[in-house]
Amino acid sequence: MSEASFASQNFVIRGADVIDGTGSARFRADVVVTDGRVSAIAPAGRGMGRNVVEASGMVLCPGFIDTHTHDDQLLLQPTLPHPKLTQGVCTVVTGNCGISLAPLLTRAPPAPLDLLGRDVFVHNTFREYLMALDQLQPCINVVPLIGHTTLRVRHVEDLGRTATLAEMSAMANEVAQALDAGAFGLSTGVYYPPARAATTEELLGVCAALKGRSAMLAMHLRDEGDNIDAALKEALDVGAASEADLVISHHKVVGPQNHGRTLETLQAIDQAALKQSVCLDCYPYEASSTMLNAEKASRTKEVLITWSQAYPEHSGKSLKTIAESWGLSLHAAAQRLMPGGAIYFAMAAEDVERVLQHPLTMIGSDGLPHDHRPHPRLWGTFPRVLGHYSRDKKLLPLETAIHKMTGLPARRFGLTGRGTIAPGNSADLVLFDPLEVRDNASYDAPDVPSTGIHAVYVNGHLALWRGKQIASHAGRRLIPSRTS
Ligand SMILES: [Zn+2]
């Protein structure tokens, strides 16, 4: 493989196995890019152009779309190397789990908003945040969502109760304004303390702003444990009533007593999909990660601390070890460490694999970029699906795995002209070695880039070449098709 001119948006990738993102079988071809767009797909050896990248033995596919991120603030700061770009991700969906950076002015964000940082809530409107993205031009493309929990913190006087009618309509107004400004939709996270008191009626009231707008609604379920059936029903009902394109976030079931229940949840989702628009996202690991919660931590077999404001030196250690050294119960030790973040080992391999294989499942990392010792999903998600799950475990064909990261999310989020390799489409492209690709990030060493991703092009600009970041401003904020 030779190196093409770094600056040009005109080049030919020659002789790669093209996996085009639709789920169809690979074929060998030359892909010609002109002015940042795919201009032709020619039989191998026939693609004409000046800057040629020899790519035989490699796979060429559309840039990956990370459908579930908390990168709202990460995109506004220079980050080298970028954890998503090193995996072949060209587009991220931000503002998930009810947590968006805007619109909110505060220096004391309650957990879990502080997962995005503390002194970063400086955008008084969603439009201001979008303008900041446009001005800075991040290294990858952005699909922004606005978060219900952020709106609650801004508008609901007492977070321990459900919103009043006036507060509900203030939140709904703000959702409508965000959609006008360019948000793709709304996310919710009624599992988390600042939104837990929100009733289904409050969700319906806020989500009413999505009606008739072809908007997305990404929902972190109220309960992913014993009461998952009721929580799933609530999400499906709210999605249907608001006529939104519903995404069930990071679908999983937690707690050993619930292992295996994805059989039922996926069946319920399949049933619902006959009547309404619903899909899901999932990360390829058996441990979850979120804010440190003493209740949850004391009920989980194994817990790793990702950050602690009071005891930063304990990041990366197991809660059990810390509790023993303090002579405290798990619950008391967790309380002393809070506010903080943690990794919880509470899922079963069979559930993770069943969800990954489901035809409605997209890949979303749910990575937490500001944790001191993050969950390895931040750096490893996409290569892990390609290497560990597709090649090594043969859980799903490479074409299917790639479809879940490209064509499927592009269709669900309405990203016209992206997610597949076709003439006229934006040249978001990844070139990788199918024999070599693997994730290297682990729970012990979580921020190690993957292997085997050779080149990443964002809007036709070479953004990453053999692990080295080339273009840092090739991305753009994507515009929902309804407002373009
Ligand atoms: Zn999340």
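The following dialogue examines how several descriptions of this predicted model are reached.

Visitor: What makes His68, His70, Cys97 and Asp366 the residues that coordinate the zinc ion?

Guide: A donor is an N, O or S atom within 2.8 Å of the metal. His68 (NE2), His70 (NE2), Cys97 (SG) and Asp366 (OD) lie at 2.1 to 2.4 Å from the zinc ion. These atoms therefore count as its donors.

Visitor: Why is the site of the zinc ion called irregular?

Guide: The angles among its four donor atoms run from 86 to 161°. Four donors count as tetrahedral if all angles lie between 85 and 135 degrees. The value of 161° falls outside that range, so the site of the zinc ion is not tetrahedral. The site is classed as irregular.

Visitor: How are the donors of the zinc ion spaced along the chain?

Guide: The spacing is H-x1-H-x26-C-x268-D. Cys97 and Asp366 link distant parts of the chain, being 269 residues apart. Cys97 is in the loop between strand 7 (89-94) and strand 8 (104-106), and Asp366 is in the loop between strand 18 (361-363) and helix 12 (377-392).

Visitor: Why are Cys97 and Asp366 called buried?

Guide: Buried means under 20% relative accessible area. Cys97 has a relative accessible area of 2%, so Cys97 is buried. Asp366 stands at 5% relative accessibility and therefore counts as buried.

Visitor: What is noted about the phi angle of Cys97?

Guide: Phi of Cys97 is near 65°, a positive value in a residue other than glycine. Glu243 also is not a glycine, and its phi is positive at about 55°. Glu243 lies in the loop between helix 6 (228-241) and strand 13 (245-248).

Visitor: Is Glu243 buried or exposed, and on what grounds?

Guide: Exposed means over 50% relative accessible area. Glu243 has 53% relative accessibility, so Glu243 counts as exposed.

Visitor: Which class does Glu302 fall into, and why?

Guide: The bounds are under 20% for buried and over 50% for exposed, with partly exposed in between. Glu302 has 40% relative accessibility and therefore counts as partly exposed. Glu302 is placed in strand 16 (residues 302-308). The C-alpha atoms of Glu302 and Val254 are separated by 13 Å, while the two residues are 48 residues apart along the chain.

Visitor: Why is Leu280 called buried?

Guide: Its relative accessible area is 0%, so Leu280 is buried, the bound being under 20%. Leu280 belongs to strand 14 (residues 278-282). From Leu280 to Asp30 the distance is 33 Å, C-alpha to C-alpha, with their positions 250 residues apart in sequence.

Visitor: Which peptide bonds before Pro81 and Pro103 are described, and with what omega values?

Guide: The bond from Leu80 to Pro81 is cis, with omega near -15°. The bond from Ala102 to Pro103 is also cis, with omega near 0°. Pro81 is in the loop between strand 6 (64-66) and strand 7, and Pro103 is in the loop between strand 7 and strand 8.

Visitor: How is the protein divided into domains?

Guide: The domain assignment gives domain 1 (11-62 + 420-471), domain 2 (64-286 + 347-412) and domain 3 (288-345). The centres of domain 1 and domain 3, taken over C-alpha atoms, are separated by 41 Å.

Visitor: How do you know that the largest pocket lies between domain 2 and domain 3?

Guide: Domain 2 (64-286 + 347-412) and domain 3 (288-345) both give residues to its lining, so the largest pocket lies between them. The space in the largest pocket is about 710 Å³. Its lining has 40 residues, and the closest to its centre are Val254, Gly255, Lys296, Arg299 and Thr300. Strand 15 (287-291), helix 8 (294-299) and strand 17 (340-345) each supply at least two lining residues. By class, the lining has 13 nonpolar, 13 polar and 14 charged residues.

Visitor: What makes a space a cavity, and how many cavities of 30 Å³ or more are found?

Guide: In a cavity a 1.4 Å probe fits but cannot get out. A search of the whole structure finds three cavities of 30 Å³ or more. The largest cavity holds about 80 Å³ of space. Helix 11 (residues 349-357) gives the most to its lining, with three residues. The lining of the largest cavity includes His250, Cys282 and Asp351. By class, that lining has six nonpolar, two polar and two charged residues.

Definitions and conventions: Residues numbered from 1 in each chain as written. Predicted model: local features only at pLDDT ≥ 70, side-chain atom pairs only at ≥ 80, totals over all residues. Heavy atoms only, no water. Donors = N, O, S within 2.8 Å, 3.2 Å for Na, K, Ca; no water. Tetrahedral: all angles 85-135°; square planar, octahedral: opposite > 155°, others 65-115°. Helix = DSSP H or I, 4+ residues; strand = E, 2+ residues; numbered from the N terminus. Buried < 20%, exposed > 50% of the residue type's maximum accessible area, 1.4 Å probe, protein only. Domains from an automatic or database assignment. 1 Å grid on protein atoms, 1.4 Å probe; cavity = no way out; pocket = protein on both sides within 12 Å on 5 of 7 lines; lining within 4 Å. Points joined across faces, edges and corners; volume = space filled by probe spheres on them. Nonpolar A, V, L, I, M, F, W, Y, C, P; charged D, E, K, R; others polar.
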